[in-house]
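The following exercises ask the reader to examine a protein chain step by step. Each task is followed by a worked solution.

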Amino acid sequence: MRLQGFPSGKITRMNVGILKGLPRQLDEVKKLWRANAATLGFFPDGAFDEYASKGCILVASDQAGLLAGYLLFRKSGDRLTVVHLCVRDEMRGRHIARDLFEALVATSKSFRGINVSCRRDFSASALWPQLGFVAVHEKRGRGTNDTILTNWWFDSGNPDLFSLSESVETEQKIPVVIDANVFYDLNTPVEPHTEESKSLQADWLQSSVELQTTPEILNEINRNKTPSHRASNRRYAGQFVSVRPRHDKFAAAESKVKQYFRHPLSESDASDIRQLAWTVASGCRFFVTRDEKLLNLSHRLYREFGTSAIRPSDLIAQLDELQERSKYNPARVAGVLTLRRLQQTPTDDFVCALQATERKETKARFRERFCKYLAAPKTCQCWGLFWGEEKPAALVVYECSNEAELLVPFMRVARGPEAVAILRNLLLRMVTGAAAENRSRIVISDPYCVDFVGEELRRDGFSREDRHWVKYTMPIAVTAKTFVEQLGLVGGVGGSGSKPDAMTGLSQIVRSDALTAHKLERAYWPLKIIDAPVPSYIISIQPKWAAELFDDDLANQDLFGARTKLSLNREGVYYRSALPNGGLTAPGRILWYVSDDKKYHGSKCIRACSFLDDVVVGRPKELFRRFDRLGVYEWRHLIELAKDDIDTNLMAVRYSDTQLLADPIRWDTFQAVLQEAGVRTQLQSPQLIPPQVFAKLYRQGMGYKENL
């Protein structure tokens with residue numbers, strides 16, 4: 001198939017770059033995909049729009065802007081994943097695929113590498129080794145032709161500055177339950193109404209999603225009056241994992257789910273209730289359906305049970321956000337956890353909840369080690385985190401006899417769907433405490449750390465030294481040159497005692513590459529590299545939202561809503577009007593200015609600093625669906641901000657790792673600094689500030705000396 005008007009002669013020059021949201025060019029991408037859907041697999045129309053909005057579609061076009069090929073990719077943790085690489089038939093053999101891939105490599109400087117899954121019987125299998133990929137493993141495909149998928153890996157060759165991973169690992173799969181309609185779509189020939197569901201069978205999804213069913217699917221199948229259809233569907237159902245929670249959990253969930261349906265119940269309603277109840281009881285986070293009635297319940301189901309009803313197309317479009325939601329959803333636990341210092345021998349229930357049975361730790365060994373630290377209150381602090389007052393959620397023991405380091409001989413998190421959210425918050429509090437006391441090293445020496453804890457430690461910048469997990473902190477704001485010098489003092493890149501040649505040129509890289517500087521600041525948080533090209537902004541926020549999102553000092557001034565329980569707010573989202581946008585771009589830094597409010601002592605100040613992780617503009621419903629897991633905001637808040645117009649655009653500012661300033665900076669003080677630098681603003685919109693202004697304000701707010 002040729003695109004109308006596309007030149008048939010040799011193309012002498014191609015333009016390759018990120019698709020900039022041009023409707024005509026995006027339509028051409030969709031048409032090219034449609035012509036090659038038999039090979040590329042089904043892909044929802046809305047998913048193209050979502051990937052384009054994220055800057056995840058590269059296009060190659062001639063000087064007239066006519067499309068020759070495209071590459072669609074995902075950003076997944078510390079790697080990129082190629083989803084589609086497609087070139088027009090008449091353009092093949094002209095190195096367009098290589099040009100697109102080289103453009104992807106150029107955008108991947110902050111990633112460890114690129115992976116792609118491809119069927120062995122596809123001609124594209126010969127392309128990947130030519131581009132520098134290696135075949136790391138293979139597995140059977142989902143199709144009926146007994147196909148084999150090869151997983152290819154391209155190592156970026158970037159210096160491993162952050163010890164993010166020790167090997168090329170497969171991505172953790174998201175378990176999702178499919179309802180009966182989606183199940184039947186997958187087991188019927190391709191028709192227009194089944195295409196959305198069939199997108200779940202795409203080869204590239206196999207490393208990311210595991211489709212599951214519930215026992216209720218067998219009852220659904222049994223209601224079919226045609227014996228051959230029943231037999232066919234039962235055979236097909238045998239290909240899926242079926243969730244198997246205990247029946248008492250199912251019965252309890254069924255009783256709760258029923259409250260969302262009107263009575264009397266139809267046979268279809270009763271079956272839907274059982275499908276949802278099995279899903280909720282199993283702890284599965286996602287229920288994939290095309291049923292609008294169930295989709296309309298999604299928000300209520302999520303807030304009560306942690307399970308979201310979602311369309312197949314939205315699962316594809318939001319895959320990265322859903323992977324994060326499956327692990328990290330502070331909205332589910334905010335305000336329901338209490339933190340208290342432990343001073344008594346633990347109960348059997350406490351030990352059973354937190355002992356590492358998978359590491360063969362006995363109750364006696366747990367109690368013996370823990371009581372040793374309880375008996376040394378002058379040098380050790382034992383903290384417990386609880387659901388309500390009794391049910392244990394986590395345990396941390398700090399040993400503080402060495403002023404240079406914080407030793408953590410005990411760190412446990414009870415297994416459960418909120419474990420990662422709890423662990424991430426505890427790690428931030430641990431690093432914050434170490435930095436406040438000028439301890440340059442955190443050593444977690446618990447010999448019974450389980451696998452998921454190790455994964456999160458590595459993600460948070462910890463690395464293995466001997467048999468311990470170690471992280472270096474740098475509570476400083478310095479130039480890149482000084483940072484490199486300090487880095488040698490604390491143990492080298494990643495804390496592993498790097499050789500001098502590994503440090504050569506690092507300061508030049510940091511001064512020129514914002515992404516590298518951003519990752520270094522994360523790895524050695526609360527480090528700030530003041531001459532790095534990381535964009536910094538001052539954003540105004542109302543005191544009530546600052547109190548809810550990150551500022552406990554403000555929250556505790558509210559006598560009617562004082563936050564007496566721990567809130568898990570390491571990552572959050574702040575909504576504002578889309579215009580004026582102040583030119584916000586991520587990654588970056590935010591200095592939070594808390595606007596004037598006489599009810600709050602300490603307002604009209606810059607009070608905190610955060611990482612700026614993402615800036616997303618969209619309609620209220622789209623933004624709420626995407627960021628609901630981060631909590632605090634309710635639907636009514638977004639509607640109020642949008643002035644009751646659901647079609648207006650809002651801006652979601654996603655941030656993380658907020659650090660409260662030791663000395664909040666008053667309005668007159670920071671305005672004088674801004675004006676001295678030629679910046680005049682009343683902060684009606686986000687304000688970009690020069691690096692030297694950020695450095696001066698941050699140092700002043702943290703009480704750092706100017707010559708650091």
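**Exercise 1. Determine which residue stands opposite F286, and describe the sheet to which this pair belongs.**

*Solution.* Step 1. F286 stands opposite S308 in β12. The model is predicted, so local features require a pLDDT of at least 70 and side-chain atom pairs count only at pLDDT 80 or more, while totals for chains, interfaces and linings use all residues. Residues are numbered from 1 along each chain as its sequence is written, and side-chain values use heavy atoms, with hydrogens and water left out.

Step 2. Strand β11 (residues 286-288) pairs with β12 in the parallel sense over three bridges. Helices (H or I, at least four residues) and strands (E, at least two) are DSSP runs numbered from the N terminus; two strands pair if DSSP finds at least two bridges between them.

Step 3. The open sheet has five strands in the order β10-β9-β8-β11-β12, with parallel pairing. Its edge strands, β10 (241-242) and β12 (308-310), each pair on one side only.

Step 4. Helix α11 (residues 267-282) packs on this sheet and touches β8 (174-178) and β11. The direction of α11 makes about 150° with that of β11. Here a contact means heavy atoms within 4.5 Å; axes are lines fitted to C-alpha atoms, for helices over the stretch in contact, and angles run from 0 to 180 degrees between N-to-C directions.

**Exercise 2. Explain why β8 is described as largely enclosed, and identify its partners.**

*Solution.* Step 1. Four of the five residues of β8 are buried, so this strand is largely enclosed by the rest of the structure. Buried means under 20% relative accessible area, exposed means over 50%, and partly exposed lies in between (1.4 Å probe, protein chains only).

Step 2. β8 pairs with strand β9 (residues 209-213) in the parallel sense over four bridges; in this pairing I174 stands opposite V209.

Step 3. β8 is also joined to β11 by three bridges, and these two strands run parallel. The bridge partner of V177 in β11 is F287.

**Exercise 3. State the strand order of the open sheet of seven strands, and describe the helix that packs on it.**

*Solution.* Step 1. The order is β13-β14-β15-β16-β17-β19-β18, and the pairing is mixed. The edge strands are β13 (337-341) and β18 (463-465), each of which pairs on one side only. On average, neighbouring strands of this sheet are turned by 30° against each other, direction ignored.

Step 2. Helix α18 (residues 419-436) packs on the sheet, where it touches β13, β14 (380-387), β15 (391-399), β16 (405-413), β17 (441-444) and β19. Its direction makes about 165° with that of β16.

Step 3. α18 has 18 residues and reaches 26 Å from its first C-alpha to its last, close to the expected 26 Å. The expected span is 1.5 Å times one less than the number of residues.

Step 4. Of the 18 residues of α18, 14 are buried, and the helix is mostly covered. Just after α18, N438 takes a positive phi of about 60°.

Step 5. At the edge of the sheet, three bridges join β18 to strand β19 (residues 468-472), and the two run antiparallel. Within β19, W469 is the bridge partner of R464.

**Exercise 4. Identify the strands paired with β26 and the residues that stand beside M651.**

*Solution.* Step 1. Strand β23 (residues 571-577) is joined to β26 by seven bridges, and the two run antiparallel. The bridge partner of R576 in β26 is M651.

Step 2. Strand β25 (residues 605-618) pairs with β26 in the antiparallel sense over eleven bridges. V617 stands opposite M651.

Step 3. Strand β26 (residues 650-666) is mostly covered, with twelve of its 17 residues buried.

**Exercise 5. Is D78 buried or exposed, and where does it lie?**

*Solution.* Step 1. D78 is placed in the loop between β3 (67-76) and β4 (79-87).

Step 2. D78 is buried, because its relative accessible area is 15%.

Step 3. D78 and R459 are 381 residues apart along the chain, and their C-alpha atoms are separated by 9.2 Å.

**Exercise 6. Summarise the chain and its confidence values.**

*Solution.* Step 1. The chain has 29 helices and 27 strands. Buried residues make up 55% of its 708 residues.

Step 2. The mean pLDDT (the predictor's confidence in each residue, from 0 to 100) is 83, and 86% of the residues reach 70 or more. Over residues 1-12 the pLDDT is below 50, and this stretch has 28 contacts in the model beyond near neighbours in sequence.
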